[in-house]
Structure formats: structure tokens, C-alpha cells
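This report goes through the fold of one protein chain, from its sheet to its helices, core and ring pairs. The sequence and the coordinates come before the text.

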Amino acid sequence: MIEGFQPASVPPPAGPYSAGIKVGNLLFLAGQGPFDSNGERIGQNFVEQAHATFGNLEQIANSAGTSLTNAVRIGVFLSSLDYFDEFNSVMAEYVSEPYPARTTVPVELRGFDIEVDAVLFVPDFS
């Protein structure tokens, strides 16, 4: 069974996709950025934007019965690799060992500096 997740506390998708899709014990999270539920950007600097981005991912994960501590893969898109060290510091606050596999890519982002997607394990509590 495929189940979608779109908590009201995160921005709605900008197209025909779901914020989160659960298939079996895996949750696939669409890319999230530093935006509130109205689509307004959050954060005056990179660290604030990164925390807002991870906050959105965590809210979707929680709505599906898991958390970022169960991430198995994270995709990171940064407006500049100059943010790499700051990103590592923020990410370490949301994940735990064994750390998820990760890819970090510099990309052109319009009006913000970070987007993150993820694949998470959803424990079976039944």
C-alpha cells in the first residue's frame, strides 16, 4: 500500500507531488526548504534556513510515525558549497549513527540557500 503524508504545518507542494510517500517500511520525503506553511521563507542566515528545512522534514516524518534519526539517505542541495561545514553542524543535530548515506550538490536556488530530501525507515510498532 502507498500512503501520502502532507501535514498542514509544512508548505504545500508546488506541483503534482506529495511531501511524503510511505511504501512498506520506507518513507520518501520530497525536497523541503526553509518555508513555513504559507510558503514564506524562514531564516535570515544559512543556519536558520537549515534548521527550518530540517524542521519541515521532521514534521513530515513524525506524521508518518518516524523521525530523522531513522534517515537512511539524505540528498542535500546548497546554493554554495561554502555552506558545507555549517550544514554538517546542523545536520548532526537531527541524525544519529549510523549516519545516513548522503549526496551534497551545489545548485541554483531562487531566494533561499538549502533544500533537503530524504528516505527514512519507519519502524513497525504493531
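The sections below cover the sheet, the helices, the core, the aromatic pairs and one cis peptide bond.

The model is predicted: local features need pLDDT of at least 70, side-chain atom pairs count only at pLDDT 80 or more, and totals for chains, interfaces and linings use all residues. Residues are numbered from 1 along each chain as its sequence is written, and side-chain values use heavy atoms, with hydrogens and water left out.

**The sheet**

Helices (H or I, at least four residues) and strands (E, at least two) are DSSP runs, numbered from the N terminus. Two strands pair if DSSP finds at least two bridges between them. An open sheet with mixed pairing is formed by 6 strands, in the order β1-β2-β3-β6-β4-β5. Its edge strands, each pairing on one side only, are β1 (2-5) and β5 (101-106). Between neighbouring strands the average turn is 10°, direction ignored; axes are lines fitted to C-alpha atoms, for helices over the stretch in contact, and angles run from 0 to 180 degrees between N-to-C directions. The strand pairs are listed in the table.

| Strand pair | Sense | Bridges | Residues paired |
|---|---|---|---|
| β1 and β2 | antiparallel | 4 bridges | Phe5 and Gly20 |
| β2 and β3 | antiparallel | 4 bridges | Val23 and Leu26 |
| β3 and β6 | antiparallel | 5 bridges | Leu29 and Ala118 |
| β4 and β6 | antiparallel | 7 bridges | Arg73 and Val119 |
| β4 and β5 | parallel | 6 bridges | Phe77 and Val105 |

The hairpin of β2 and β3 has 2 residues between the strands, and Gly24 there takes a positive phi near 60°.

Ala118 lies in strand β6. With a relative accessible area of 4%, Ala118 is buried; buried means under 20% relative accessible area, exposed over 50%, and partly exposed in between (1.4 Å probe, protein chains only). Leaving out residues up to four places away in sequence, Ala118 touches Leu27, Phe28, Leu29, Arg73 and Ile74, where contact means heavy atoms within 4.5 Å. Ala118 and Ala101 are 17 residues apart along the chain, and their C-alpha atoms are separated by 9.7 Å.

**The helices**

Helix α1 (residues 46-63) packs on the sheet and touches β1, β2, β3 (26-32), β4 (71-78) and β6 (114-121). The direction of α1 makes about 145° with that of β3. Helix α2 (residues 84-91) also packs on the sheet, where its contacts are β4, β5 and β6. The direction of α2 makes about 145° with that of β5.

The 18 residues of α1 should span 26 Å at 1.5 Å a residue, and the end C-alpha atoms are 26 Å apart, which agrees. The expected span is 1.5 Å times one less than the number of residues. Buried residues of α1 include Phe46, Ala50, Thr53, Phe54, Leu57 and Ala61. An α-helix has 3.6 residues a turn, so residues three or four places apart point the same way. The buried residues of α1 pack against β1, β2, β3, β4, α2 and β6.

**The core**

A nonpolar core is a set of buried Ala, Val, Leu, Ile, Met, Phe, Trp, Tyr and Cys residues joined through side-chain atoms within 4.5 Å. The largest one has 27 residues, of which Leu27, Leu29, Phe54, Ile74, Phe87, Ile114 and Leu120 touch the most other members. Two or more residues come from each of β3, α1, β4, α2 and β6, and α1 gives the most, with 6 residues. Among the contacts of Phe54, not counting residues up to four places away in sequence, are Leu68, Phe87, Val90, Met91 and Tyr94.

**Aromatic pairs**

Rings of Phe, Tyr and Trp (its six-membered ring) pair if their centres lie within 6.5 Å; planes under 30 degrees apart count as stacked, over 60 as edge-to-face and the rest as tilted. There are 4 aromatic pairs by this rule. Phe46 and Tyr83 form a stacked pair, at 4.3 Å centre to centre and with 5° between the planes. Phe46 is in helix α1 and Tyr83 in the loop between β4 and α2, 37 residues apart, and the pair thus links distant parts of the chain. Phe46 counts as buried at 3% relative accessibility, whereas Tyr83, at 22%, counts as partly exposed. Phe54, Phe87 and Tyr94 are linked into a cluster by ring pairs.

**A cis peptide bond**

The peptide bond from Glu97 to Pro98 is cis, with omega near -5°. Pro98 is placed in the loop between α2 and β5.
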